[in-house]
Amino acid sequence: MSNLAVEPKTTSEKEMLDLAHRVGKLAEEEAQYAEKEANVSAKVIDLMKETGLTRMMLPQEYEGPKVSIRTFGKVVRTIATYNISAAWLAYLYPLHNMLPAYLPKEGQEEIINQGGLISDIFAAVGTAKKDGDGYRVSGTWNFVSGVNHSDWVGIGVKIQMPDGDRPEMCLPLVRTSEVKIVENWDTFGLRGSGSNQIVLEDVYVPMERIFRVEQSQKTRRPVESNYDASYPLYHVPMFPAFYFGFPEIALGGTERIISEFKRMTEKRVRLMDGVTESESPRSQRVLAEITTEFKAAEALMDKYIDLLENYESDGEQTTAAEFFAIRTKIIKTCSEIALRVLLTLGGGALYKGGPIELFFRDILAVATHKTSLYEDSVAAYGQELFGFESGVRG
């Protein structure tokens with residue numbers, strides 16, 4: 001571990017994006033493996049680790065490269081233009097690998113210095129029993145993205161802590177070797193995310209490896225008083241920051257699907273009327289409309305990042321439901337663009353393994369994530385606009 005007084009190495013955005021292109025190109029080459037195995041290949045994961053992308057959001061105390069939230073989003077979006085499942089993991093691994101930054105120092109050093117990847121599942125469906133200075137955790141969790149390649153996994157449990165007056169949401173971090181992985185991920189989209197089921201049976205977790213989610217959500221700071229005050233994730237609302245990568249993924253995939261539409265349309269001749277599609281007002285109109293819709297979604301993403309980065313200086317005014325609504329509007333727009341491209345291209349876009357089919361499925365799969373559900377978000381935002389509590393966390 002490096003000392004806080006040591007000036008950290010700063011990696012430029014261009015350098016990070018160059019690394020993202022390397023990972024993305026390999027992930028595109030390995031796309032059919034991921035489709036068949038329902039898991040991104042070890043080659044892609046190894047390259048993510050080799051390039052340092054999986055550690056890019058660590059605090060400078062642990063030799064993080066001082067990457068901003070905005071640059072992090074650009075890295076994820078870049079990979080998504082090649083393969084959305086790989087971008088899903090390229091987002092979640094760096095994000096989850098910073099979870100120990102909120103733990104007591106002993107837990108930080110044990111997990112971060114071990115150097116492995118972290119997956120997690122926030123759904124608090126497990127049970128915890130007090131045992132000495134820790135807890136014994138049991139339960140079954142689904143949708144644990146990337147768990148096959150992880151060394152650690154955080155699992156959602158409500159725990160009655162010694163200093164608490166009620167059970168609170170926590171995320172004990174356990175070694176993946178201590179859990180049973182049930183490979184039940186066989187889905188329509190995001191197949192390469194490997195979001196399998198895990199089962200824990202009476203696994204002991206010491207206090208220093210229990211991330212107190214509600215406490216960190218409230219303070220936005222680690223439990224240790226000596227911390228890197230410049231670390232960007234200590235100054236943003238926790239869950240809106242945890243979820244911001246999903247619209248970035250959708251934008252990257254949609255950017256690719258628009259480029260594929262243009263490529264497939266430029267020389268396409270419709271059999272029914274013999275017209276070259278690029279010369280037809282039909283396809284010209286479609287391309288113009290989806291491009292402007294995409295630019296509007298990009299502008300919303302930029303607004304979302306601005307609200308995150310300026311959250312404290314703006315007086316913490318942006319509500320969880322507003323973040324939720326902006327994020328899901330971006331993803332909904334991307335889904336609608338993908339559907340319009342598919343319907344405009346027709347049957348030729350349906351062939352399995354083709355870029356339109358693959359990106360269409362994956363963009364829709366992003367939209368099904370519980371943090372991406374548009375109807376839920378606008379219902380919550382409408383409540384808040386009329387002065388009611390929505391109860392959403394971001």
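**Exercise 1. Determine how helix 5 and helix 9 pack, and which residues form their contact.**

Solution. The crossing of helix 5 and helix 9 is right-handed; a crossing is right-handed if the near helix is turned clockwise from the far one by less than a right angle, and left-handed if anticlockwise. The helices themselves are DSSP runs (H or I, at least four residues), and strands are runs of E of at least two, both numbered from the N terminus. The model is a predicted one, in which local features need pLDDT of at least 70 and side-chain atom pairs count only at pLDDT 80 or more, whereas totals for chains, interfaces and linings use all residues. Residues are numbered from 1 along each chain as its sequence is written, and side-chain values use heavy atoms, with hydrogens and water left out.

Step 1, geometry. Two packed helices are described by the angle between their axes and the distance between the axes. For helix 5 and helix 9 the angle is about 155° and the axes are 10 Å apart. Axes are lines fitted to C-alpha atoms, for helices over the stretch in contact, and angles run from 0 to 180 degrees between N-to-C directions.

Step 2, class of the angle. Helix 5 and helix 9 are therefore roughly antiparallel to each other (under 35 degrees is roughly parallel, over 145 roughly antiparallel, 65 to 115 roughly perpendicular, and the rest oblique).

Step 3, residues. From helix 5, Ile84, Ala87, Trp88, Tyr91 and Leu92 meet Gly245, Phe246, Ile249 and Gly253 of helix 9, where contact means heavy atoms within 4.5 Å. By class, this contact of helix 5 with helix 9 holds seven nonpolar, two polar and no charged residues (Ala, Val, Leu, Ile, Met, Phe, Trp, Tyr, Cys and Pro count as nonpolar, Asp, Glu, Lys and Arg as charged, and the others, Gly among them, as polar).

**Exercise 2. Describe the packing of helix 3 against helix 5.**

Solution. Step 1. Helix 3 spans residues 42-51 and helix 5 residues 84-96; their axes lie 11 Å apart at an angle of about 40°. That angle makes helix 3 oblique to helix 5.

Step 2. The crossing of helix 3 and helix 5 is right-handed.

Step 3. Val44, Ile45 and Met48 of helix 3 meet Ala86, Leu89, Ala90 and Tyr93 of helix 5. The contact of helix 3 with helix 5 comprises seven nonpolar, no polar and no charged residues.

**Exercise 3. Establish the geometry and the residue classes of the contact between helix 11 and helix 13.**

Solution. Step 1. Helix 11 (residues 320-345) and helix 13 (residues 374-385) pack at about 145°, and their axes are 8 Å apart. The crossing of helix 11 and helix 13 is left-handed.

Step 2. Helix 11 contributes Ala321, Glu322, Phe324, Ala325, Thr328, Lys329 and Lys332, which meet Tyr374, Asp376, Ser377, Ala380, Tyr381 and Glu384 in helix 13. The classes in the contact of helix 11 with helix 13 are six nonpolar, two polar and five charged residues.

**Exercise 4. Locate alanine 38 and leucine 190, and state the phi and burial of each.**

Solution. Step 1. Alanine 38 lies in the loop between helix 2 (31-37) and helix 3. Its phi is near 55°, a positive value in a residue other than glycine. At 9% relative accessibility, alanine 38 counts as buried (buried is under 20% relative accessible area, exposed over 50%, partly exposed in between, with a 1.4 Å probe and protein chains only).

Step 2. Leucine 190 is in the loop between strand 5 (180-182) and strand 6 (196-206). Phi of leucine 190 is near 50°, again positive in a residue other than glycine. Leucine 190 is buried, with a relative accessible area of 4%.

**Exercise 5. Characterise the surroundings of glutamate 28.**

Solution. Step 1. Glutamate 28 belongs to helix 1 (residues 13-29) and is partly exposed, at 32% relative accessible area.

Step 2. Neighbours within four places in sequence set aside, glutamate 28 is in contact with Tyr82, Asn83 and Arg256.

**Exercise 6. Assess the overall form of the chain.**

Solution. Step 1. The chain has 13 helices and seven strands, and 54% of its 394 residues count as buried.

Step 2. A compact globule of 394 residues would have a radius of gyration near 21 Å; the chain has 22 Å, which agrees. This radius is taken over C-alpha atoms, and the globule rule is 2.2 Å times the number of residues to the power 0.38.

Step 3. The C-alpha trace spans about 80 × 45 × 40 Å along its principal axes.
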